[in-house]
Amino acid sequence: MAVTIDPAAALPKRADNADLRRVLPALGPVIPVIVVEDAAHALPLARALVAGGVRVLEVTLRTPAALAAVEAIARAAPEAVVGAGTLRTPADARAAAAAGARFAVSPGYSPALAAACRDAGLPLLPGVATASEVMAAAADGMSFLKLFPATAVGGLPLIKALAGPFADVAFCPTGGITPDNAPQFLAQPNVAVVGGSWLTPADALRAGDWARVTALARAAGALRVA
Ligand code: 3PG
């Protein structure tokens, strides 16, 4: 499959949170949150998403197969930018980097995890749910933050409210985002991208229905509001 990689949209070595803020939104409006139960699914899944125009892939460290999946995609699908999600501990950061993850996503923010990601050369997109957490992550040099779990903690009204005191912060709402509500989130000036699991349904992965994944990816790519 011939995929042209725009060098301007590539993550540099030793990328940081500011690089993520620049590069991830340039690659598409939706980051798929992926749960891989079988490492053999990783490559066909990555190729199906890329075929649909989705190149940024977040493989969550929630299953025994997750690190092998990251490794397989990093090794054999260079057209994808693979990251590891659900990082909770410094050990997770080291394991994700060793597997070849290009970026990290966590459900929350902790200084220990942020430091471990820096040490491992992994740019981090940390999760926040409150103004205090935004301030803690910002004090640690990060202004591109995942709002998680986005709809449960306040959804659109919270995103709009955070824009006042934190006008310099860009968010990736994740958790409860759907094709129906994504356009409203993406229309907010402080929303750079959204994350969601709907591009990679468990039953499609089990059935090897890669055409369905490609179709979902293609539809997700069209969600950004002009
Ligand atoms: C998750 O934790 O699984 C992600 O936030 C995705 O949430 P979603 O399934 O609501 O998209």
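Guide: Before we start, helices (H or I, at least four residues) and strands (E, at least two) are DSSP runs, numbered from the N terminus. With that in hand, Pro12 is placed in the segment before helix 1. This is a predicted model, in which local features need pLDDT of at least 70 and side-chain atom pairs count only at pLDDT 80 or more, while totals for chains, interfaces and linings use all residues. Residues are numbered from 1 along each chain as its sequence is written, and side-chain values use heavy atoms, with hydrogens and water left out.

Visitor: Thanks! How accessible is Pro12?
Guide: Pro12 is partly exposed because its relative accessibility is 35%; buried means under 20% relative accessible area, exposed over 50%, and partly exposed in between (1.4 Å probe, protein chains only). Its C-alpha atom is 17 Å from that of Ala96, and the two residues are 84 apart along the chain.

Visitor: And Arg14, is that one buried or exposed?
Guide: Arg14 counts as exposed, because its relative accessible area is 60%. Arg14 also belongs to the segment before helix 1 (17-26), and although it is not a glycine, its phi is positive, at about 55 degrees.

Visitor: What is the phi of Thr86?
Guide: Thr86 has a positive phi too, about 65 degrees, and is not a glycine. You'll find Thr86 in the loop between strand 3 (81-85) and helix 4 (90-99). Thr86 is buried because its relative accessibility is 14%.

Visitor: Let's switch to the ligand. Which residues are around it?
Guide: Taking near as having a heavy atom within 4 Å, they are Val33, Arg62, Phe148, Thr174, Gly175, Gly176, Gly196 and Ser197. By type, that shell holds two nonpolar, five polar and one charged. Here Ala, Val, Leu, Ile, Met, Phe, Trp, Tyr, Cys and Pro count as nonpolar, Asp, Glu, Lys and Arg as charged, and the others, Gly among them, as polar.

Visitor: Where does Arg62 meet the ligand?
Guide: An N or O atom of the Arg62 side chain is 2.8 Å from a ligand oxygen. A polar contact is a pair of N or O atoms within 3.5 Å; within protein, one must be able to donate a hydrogen and the other to accept it, and residues adjacent in sequence count only if both atoms are side-chain atoms. Gly176 uses a backbone N or O atom, 2.7 Å from an oxygen of the ligand. For Ser197, a polar side-chain atom lies 2.5 Å from a ligand oxygen. Overall, the protein covers 75% of the 310 Å² of accessible area that the ligand has on its own (Shrake-Rupley method, 1.4 Å probe; for residues, only the protein chains shown count as cover).

Visitor: What sits over the ring of Phe148?
Guide: That is the charged end of Lys146, 4.6 Å from the ring centre; the rule asks for NZ of Lys or CZ of Arg within 6 Å of the centre and within 35 degrees of the ring normal. Phe148 is also joined to Pro149 by a cis peptide bond, with omega about -15 degrees. Pro149 lies in the loop between strand 7 (144-147) and helix 7 (150-153).

Visitor: One more spot: where is Asn190?
Guide: Asn190 is in the loop linking helix 9 (182-186) and strand 9 (194-196). A polar atom of the Asn190 side chain lies 2.9 Å from the backbone oxygen of Ile159. Asn190 counts as buried, because its relative accessible area is 6%.
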